[in-house]
Amino acid sequence: MKFFIDTANLAQIKEANELGILDGVTTNPSLMAKEGIKGEEAIMNHYKTICEIVDGDISAEVLSTTFEEMVEEGKKLAAIHPNIIVKIPMIKDGIKAIKWFSDNGIKTNCTLIFSAGQAILAAKAGATYISPFLGRIDDSGWDGVQLIEEIAEIYSIQGFESEILAASIRNPNHIIRCAKAGADVCTCPLDSILGLLKHPLTDIGLAKFIEDSKKM
Ligand code: E4P
């Protein structure tokens, strides 16, 4: 399973990248706004900087919602760096745009997936990645990981090639359950990635080894 970090914060991206386990980055308009990135030039420069930090797939989301505008915007985003993945919302024009990008050799990430039906459509259109938002599904009282399992089963039966990018991860347990459910990628906040490191018995064990090493 690949690990992406889900942020536009450069310090967090660098910290995750230094672990040596990072395969890519996902951003969205909310995450970009949180970092105070405003205006087309600043947005483009920010994506360029992220591409210079991480050698992996970097999702950059279109802000438009019509087919024509998404194609124009996506072409500009894709021109920033070969590792840019154009992130397109799961709407009717989005499906048309994903098909256009797929036919023209540009990689896409279909975002805001909340059902198996949407995952089937995005795969048919040729999305490189599809992003089910499992944390938001959990927040609404359903089980987000169950959706990952369902999509993984359908893709395996049908031979769909889109990669399942589990998004809206809230904690380390989500990552573990996604790995078991067959996600190809997990995009996670830095805290959830670092949470995988933690176990009290590791801390107790290490403290004892350090103490005993003084007797050696
Ligand atoms: C995915 O690419 C999105 O950026 C993200 O995972 C959304 O997560 P949230 O539900 O925590 O906003």
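The following legends describe close-up views of a predicted model.

**View 1. The ligand occupies the largest pocket of the predicted model.** The residues that surround the ligand are Asp-6, Thr-26, Asn-28, Leu-31, Lys-87, Phe-133, Arg-136, Ala-167, Ser-168 and Arg-170.

**View 2. Side chains of Asp-6, Arg-136 and Arg-170 make polar contacts with the ligand.** For Asp-6, a polar side-chain atom lies 2.7 Å from an oxygen atom of the ligand. In the side chain of Arg-136, an N or O atom is 2.7 Å from a ligand oxygen atom. Arg-170 likewise places a polar side-chain atom 2.7 Å from an oxygen atom of the ligand. On its own the ligand has 340 Å² of accessible area, of which the protein covers 85%.

**View 3. Trp-100 and Phe-101 form an edge-to-face aromatic pair.** A search of the whole structure finds 4 aromatic pairs, and this view shows one of them, with 5.4 Å from centre to centre and 85° between the planes. Trp-100 is partly exposed, because its relative accessibility is 26%, whereas Phe-101 has 0% relative accessibility and therefore counts as buried.

**View 4. Tyr-155 and Phe-160 form an edge-to-face aromatic pair.** The ring centres of Tyr-155 and Phe-160 are 5.5 Å apart and their planes meet at 80°, so the pair is classed as edge-to-face. Tyr-155 is buried, at 5% relative accessibility, while Phe-160, with a relative accessible area of 22%, is partly exposed. The cut-off for burial is a relative accessible area under 20%.

**View 5. Lys-96 lies over the face of the Phe-67 ring.** The distance from Lys-96 to the ring centre of Phe-67 is 5.5 Å.

Technical notes:
Residues are numbered from 1 along each chain as its sequence is written. This is a predicted model: local features need pLDDT of at least 70, side-chain atom pairs count only at pLDDT 80 or more; totals for chains, interfaces and linings use all residues. Side-chain values use heavy atoms; hydrogens and water are left out. Rings of Phe, Tyr and Trp (its six-membered ring) pair if their centres lie within 6.5 Å; planes under 30 degrees apart count as stacked, over 60 as edge-to-face and the rest as tilted. Buried means under 20% relative accessible area, exposed over 50%, partly exposed in between (1.4 Å probe, protein chains only). A charge sits over a ring if NZ of Lys or CZ of Arg is within 6 Å of the ring centre and within 35 degrees of the ring normal. A residue is near a molecule or strand if one of its heavy atoms lies within 4 Å of it. A polar contact is a pair of N or O atoms within 3.5 Å; within protein, one must be able to donate a hydrogen and the other to accept it, and residues adjacent in sequence count only if both atoms are side-chain atoms. Accessible areas come from the Shrake-Rupley method with a 1.4 Å probe; for residues, only the protein chains shown count as cover. On a 1 Å grid over the protein atoms alone, a cavity is a set of points where a 1.4 Å probe fits but cannot get out, and a pocket is an open set with protein on both sides within 12 Å along at least five of seven lines; lining residues have an atom within 4 Å of a point. A molecule sits in a cavity or pocket if more than half of its atoms lie within 2 Å of its grid points.
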